[in-house]
Amino acid sequence: MEQNWSQLQILTNPENFELVTNALIIQQITGIENLNHDRGLAIYLPSEQLTKDWCHQLQITLNQLGLTDSAYQLQIIANVNMHWGQNWAPYYQPVRISHFMSIIPSWQKDLVQSPYDILMDPQESFGSGEHATTKLCLQALEEVVNHQESLIDVGTGTGILAIAAAKLGVKTLYGYDISDEAIVVAQKNFNLNCPQEKFQVAINSLLDNITNSAEIITANMLEEPIRALIPQLASHLKAKGHVIISGILETKIANITQLLKQEHLAIIKTSAAQGWGCIIAQKERG
Ligand SMILES: C[S@@+](CC[C@H](N)C(=O)[O-])C[C@H]1O[C@@H](n2cnc3c(N)ncnc32)[C@H](O)[C@@H]1O
């Protein structure tokens, strides 16, 4: 039977995006996209799941996180994909990441133009390329990847960063996530894009009990897990290895760079888009 999906739009100012993202993650939602012109954030849920009770619970969570009712507006667009691949299509156009990399919805394979283009099912987990933090990490990967052998992607989500790294030439890829849904989706997307490469994906929080190291570590997560991850980074990075961090607000870049420096990671570059920040840092010594 065909699944009906509805879109929930949370209309609010960009300075509230992190709080709304936190609330959605608490509600077990990871597939979050920015609405055009930064009008707010949107998610998709099976229509029968997107009930008034569900929205009420979200309002309670938003409230607990400090967002008052007047700061946002919820709007439901019912049954957006009556026909899979037709009604989704207006919402998910290819997302241009750089001169030679785009994210293409998996049902529009014919739009793939470059070997670096990535196919994605955007509805599945956070990491469809729509979000500024994912774009910033992908752009950072293009700058950093240069014949390295291995990459660890913490909070892999759809696996999008590991896929991009594999396409850019990294040979051994590891992805970790606390969500079992993400693990399945990441592996599926990886196989769709890079069937010939190896991707070891596992459920794990941060890098707890992980013994392997890599030349690049990517982590696009909220500020709290990023802060918890920073002390672990150096020991999982090979000599002169790079970390790419995003998911933090642009206003928090200075705080996070400070923590990275304390772990002897030198700041190579910071960038920002739509209020979100991204940091590239490098291990100073082996
Ligand atoms: C913002 S999404 C990023 C997805 C993808 N890497 C990207 O760049 O688009 C964050 C992901 O981190 C995962 N996550 C959150 N806390 C985590 C933790 N402590 N350890 C591992 N993964 C975590 C979430 O389940 C989610 O899939």
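The following paragraphs describe how the strands and helices of this predicted model are arranged.

The description begins with the sheet of seven strands. These strands form an open sheet with mixed pairing, and their order across the sheet is β10-β9-β8-β11-β12-β14-β13. Its edges are formed by β10, which covers residues 198-203, and by β13, which covers residues 265-273; each of these two strands pairs on one side only. When direction is ignored, neighbouring strands of the sheet are turned against each other by 15 degrees on average.

Two of the pairings within this sheet may be considered in detail. Strand β12 (residues 237-249) and strand β14 (residues 276-283) run antiparallel and are joined by seven bridges. One residue pair can be named here: His 242 has Gln 282 in β14 as its bridge partner. Helix α6, made up of residues 223-236, packs on the sheet and touches β8 (150-154), β11 (214-220), β12, β13 and β14. The direction of helix α6 makes about 175 degrees with that of β12.

The second pairing involves the edge strand β10. Strand β9 (residues 172-177) runs parallel to β10, and six bridges join the two strands. Within this pairing, Gly 175 has Val 201 in β10 as its bridge partner. Between β9 and β10 the chain passes through helix α5 (residues 180-193), and the resulting β-α-β crossover is right-handed. In a regular strand, side chains alternate between the two faces of the sheet.

A further open sheet consists of three strands in the order β5-β6-β7, again with mixed pairing. Here the edge strands are β5 (95-96) and β7 (118-120), each of which pairs on one side only. The mixed character of this sheet can be followed from one pairing to the next. Strands β5 and β6 pair in the antiparallel sense over two bridges, and a hairpin of five residues joins β5 to β6. In this pairing, Arg 96 stands opposite Ser 102 in β6. By contrast, strand β6 (residues 102-105) runs parallel to β7, and three bridges join these two strands. Ile 104 has Leu 119 in β7 as its bridge partner, while Pro 105 stands opposite Met 120 in β7.

The packing of helices against one another is considered next. Two packed helices are described by the angle between their axes and by the distance between those axes. Helix α1 (residues 17-26) packs with helix α2 (residues 52-64) at an angle of about 130 degrees, and their axes are 9 Å apart. The helices α1 and α2 are therefore oblique to each other. Their crossing is right-handed. On the side of α1, Val 20, Ala 23 and Ile 26 take part, and they meet Leu 58, Thr 61 and Leu 62 in α2. The residues of this contact divide into five nonpolar, one polar and no charged.

Another pair is formed by helix α3 (residues 132-144) and helix α4 (residues 160-168), whose axes come within 10 Å and cross at roughly 20 degrees. That angle makes α3 roughly parallel to α4. The crossing of α3 and α4 is right-handed. Helix α3 contributes Thr 134, Cys 137, Leu 138, Leu 141 and Glu 142 to the contact, and helix α4 contributes Ile 160, Leu 161, Ala 164, Ala 165 and Leu 168. By class, the contact of α3 with α4 comprises eight nonpolar residues, one polar residue and one charged residue.

Methods. Residues numbered from 1 in each chain as written. Predicted model: local features only at pLDDT ≥ 70, side-chain atom pairs only at ≥ 80, totals over all residues. Pairing = 2+ DSSP bridges. Helix = DSSP H or I, 4+ residues; strand = E, 2+ residues; numbered from the N terminus. Axes fitted to C-alpha atoms, helices over the stretch in contact; angles between N-to-C directions. Contact = placed C-beta atoms within 7 Å. Right-handed = clockwise from strand over helix to strand, strands pointing away. Parallel < 35°, antiparallel > 145°, perpendicular 65-115°, else oblique. Left-handed = near helix turned anticlockwise from the far one by under 90°. Nonpolar A, V, L, I, M, F, W, Y, C, P; charged D, E, K, R; others polar.
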